[in-house]
Amino acid sequence: MKYPFFVCVLILIFQTWSLCQSNDAVELFLRNRNPVEQARTSVELQQQAMHKIEEITTADFPKYEYQKEHLFVKRLVLASELAMPTNGFKSISLKKRSTNTGAIEGTVRIAGIFNFDRVDMLAFNELGYCLGAATVNPADGYYCIEDLPAGSYYLISKSNYIDEFYNNIISWNFANWRSAELVAVSQNSPTLGVDFDLDRGPIITGKVMDVELNAPIQNRFVTFYLFSSQDKKLVDSCMTFLEADGIYSFTYHQTGTYAIQCSTSEYEDQFYAGQISIDDATPVEIQSLSQTTANIDFALKRATAISKGAISGMVYESETNQPLELVEIIAESKSEPCVLWSTFSMFDSGSFQPFPAGSFRLDDLPEDSYTVWAVDFFGGHATEYFRDAEFERDAMPVTVVNAQITEGIDFTLSQAGKISGKIINESGEPVDSIFVLAVYNKDTQIPEYLVDQFINGYLYYGQTDENGQFNIVGLPAGKYAVQTYSYQTQPGEFIDHPYTAPVTIANGSHVEDIDFILYRAGAIIGKILDAILCPINGEIDAYVFNSQTGNFEFFTEFNVSGSEYRISGLDTGEYSVFFDLSTQTAPYVSQFYDGHTAFNLTGAKNIPVVRGEETKNIDVTISLGGTINGHLYLPNGLVTGADTLKKTLIILYDVSSAEYVMDKSTTFCGGYEIKGIPAGMYKLCAFATTTDGAVSYYGGGETFHDAKSKTIEMRPNEIYIADMTMFHANARINGRTVKDSDFSPLNFVYILAYDESGHAVSFGVSGVQLENDRFLGDGNYSIHSLRPGSYFLRSWFIFSLHPFFTTYLDAHYNQECYDEWYQDVRIEPHVVPNSFAYYKMYFAPPFFCAVHPNAAKLTIPDPNSVAEDIVFELDPIENAQLTPEKAQIVSDFVLYQNIPNPFNPDTEIRYDLGDGSHITLSIYNIMGEKITDLVDTYQVKGTYSVVWSGQDVLQNKVSSGVYFCILQCGLHRQIKKMALID
């Protein structure tokens, strides 16, 4: 019951931008481990990720575009089916590409022979996008990549052998592509004889022995870690299986000199030959790709039971004080959330030998601090966190030290409560497979966001059976808000809603007859057609927004069948729908239903929906946009790529507003392509994230307003070729990010540097050295690639685009502070209404941001300057340390008690604003369900008054009861309780 679907989605969003700047950035989450453990986990996670990517890339081989956006592999999307011109504009045909394409045929051998493991062949166009793939037939080595547009291609193998570019160029991590021979493809004829003979790779063999028994270690998996002998960095790992004689063999993929470490469960790790420390390891030299290195033997010592650390304790029943058996004890690493160890009372987790009744010992814990809790799956007791805590946020951490047992970690469990009931539909029929959520209400106020309560361990759930019955068990005493959640099992079918009143649970009590009626959801149905009214096939996404609140609707279901689409899961109201076609092969413009392409809701046509009904014939006509593509070059004329500036963003700005529109990353050969651009005027810049390449604009400019920064007039149905040259810069800004309240370090905070036009020129991330993906130290950041000049700095937390994410996610990752301009100028989080990034649910950093007039300017005097110790002291969101200027703003933000109160039928609500801001004034019922928004707009400084007549968003009269009036200004919120009486 720990992590249902919607929380996993939110955690994934967070991790995406936490990792976005590095292919190897898993190391950022491993900073509390020793270097060997840290390096191991990094390589293992990379291998898992790349294995999954390769499976997707090679499965069935449709035409895929293989790209890494923001240096994080986000998706494999459909590639362009259009031939790429070499210069100037070129019209794109609206006709579907015919069979006038070519193919690449050839054979693949491994060390001169056939009959080998799977090998795939991939064809990348000159921009570096994969347009075709094929699997090699192992019987005769034949392959054929079909349906390729005429042009030139990089051909590359993907296998467990020594992969190559054509012709005989080793392609490890796409390096050496400059030396590859391009393969020409013509229409209507195959290019034959494109043959490969791959090296099998150097083989390392040996034996693994038990040193005490002087016998082979057998019938188990063992992992070998290869460290570079020169810099001690982990470069790879290989897993193999030890047979009965303890013999192992694995094939590697490159030459070099390595320190090799052997690791398997129940034994201490060891380097060859017989060394514990990497500094003393005997190096193993691989001189050729056909070399076999034998007799790399290991004699391992069996590990003691507590070579790391352990936790021990007892589990009791609260009323009888008797030991409880078969209660699961779980420990979660504080430094690595979601990394768990567990055992049961009565059992040793290592040997599973019986312990005394109710006792447990949890072994093999790395030295760390842990959250520990007890879960009784069999006896009906409530979950308890150490010490005597009902919820995770109140748990006392448990410290574990290597080679020691932390004793006295005891639990006393009380009988848990239970909620049961039934769910039927509007016809009275039972509904199965519906989740029912019970949210603990510690302060007797219903939580506004279920996700917040869930992350803190407040959420419990059950699921209906075929009779519509559900049971929610394991509930501590308290009040609960109970709500249905159908999206995970029956997405788009029903309208979920809360129970009419809080449910009170006493110790061990059972509350029955918590029943629900679920009504069918409404839907929007229509066709998606292009400009000549032909169906658009392929991947399409749709984003639905409540037209009144502007909120994104998370749990809608979008399906496309042929030319018809269906959006379901909608309650009565009006909606705006944004169709995202960025993954289409043709350059269609992403837009709202009525053709509105501006990146905000203003002007988008609303679609009315009634629950249980279908709003039909909402047809969408999609127009073609323009395409910009090209290559990025270094000053010496070389194209950037895997061996130079592979991690470079190409950012598109709108000329009229100067705002960020979208971006793409360069591929391994420095190519890029931005499709579906609406007609307009744009500027491009290259933005390096991990090298010393300075921000450089298309045309040669250094800033957005530089006369050399060329404007591109984008016209529909055309391609513009924009090759760019990136210049170098070496100046830096170094500093720290800390919490103002206690000066504790803050990690994973972006610090962006802007020029005077408000366009970002570089950034750093606290705790991370972006150039080499290494940990910098708590709170330290470094901004690189700066030219001499004046810059403005600001902080940016991952989710600061939207107050929901700032308040309810940042706080759980120790990122609970307000953003600021340097020095000490607070940035109030707010929804950016014209942010395309927001509507795509894609949290890009604010590459454009109007500089606050009070922001301090930092000057870089010469090309090699380093500005040191630029510190951001960020105010915590709660109990913030306010300057007098900030305190005045907050004190002038006042919501007064409504008059009269209680009331019927009308009441007046007054509030003061000390400064201009976007504010919302909303009414909620006691279940936390929003009734209506009375105000949702930007207002200048002043005193305001609004009357609420006790009506909901549809002008229906609400029932008598208690309601909450909430005034929201950025992250500042004030609440007043109101009573409507008959």
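Helices and strands here are DSSP runs, helices of at least four residues and strands of at least two, numbered from the N terminus. By that count, the protein chain has six helices and 77 strands. Keep in mind that this is a predicted model.

Some totals next. The protein chain has 982 residues, and buried residues make up 53% of them. About 41,200 Å² of the chain is exposed. Carbon and sulfur atoms supply 49% of that area. Now contacts. Take those between residues at least 6 apart in sequence. Of these, 71% join residues at least 24 apart.

On to one sheet. It is open, it has three strands, and the order is 71-72-75. The pairing is antiparallel. Which strands sit at the edges? Strand 71, residues 894-895, and strand 75, residues 942-948. Each of the two pairs on one side only. As background, strands of a sheet pair through backbone hydrogen bonds, either parallel or antiparallel.

Look at the pairing of strand 71 with strand 72. Strand 72 covers residues 907-913. How many bridges join these two strands? Two. Two strands pair if DSSP finds at least two bridges between them, so strands 71 and 72, with two bridges, count as paired. For a place to click, try Val894, which stands opposite Asp912 in strand 72.

Now the backbone exceptions. Most residues other than glycine have a negative phi, and most peptide bonds are trans. Four places here go the other way.

Cis bonds to begin with. One joins Tyr272 and Ala273, with omega about -5°. Ala273 lies in the loop between strand 20 (270-271) and strand 21 (284-286). Another cis peptide bond joins Phe386 and Arg387. There, omega is about 0°. Arg387 is in a loop as well, between strand 29 (384-385) and strand 30 (398-400).

Then positive phi. Asn176 is not a glycine, yet its phi is near 70°. Where does Asn176 lie? In the loop between strand 10 (169-170) and strand 11 (183-185). Its relative accessible area is 41%. Partly exposed runs from 20% to 50%, so Asn176 falls in that class.

Leu326 is the other case to show. Its phi is near 60°, again positive in a residue other than glycine. Leu326 belongs to the loop between strand 24 (309-317) and strand 25 (328-333). Buried or exposed, or in between? In between: at 39% relative accessibility, Leu326 counts as partly exposed.

That's the tour.

Note on methods:
Residues numbered from 1 in each chain as written. Predicted model: local features only at pLDDT ≥ 70, side-chain atom pairs only at ≥ 80, totals over all residues. Heavy atoms only, no water. Buried < 20%, exposed > 50% of the residue type's maximum accessible area, 1.4 Å probe, protein only. Contact = heavy atoms within 4.5 Å. Areas by Shrake-Rupley, 256 points an atom, 1.4 Å probe, with all protein chains shown as cover.
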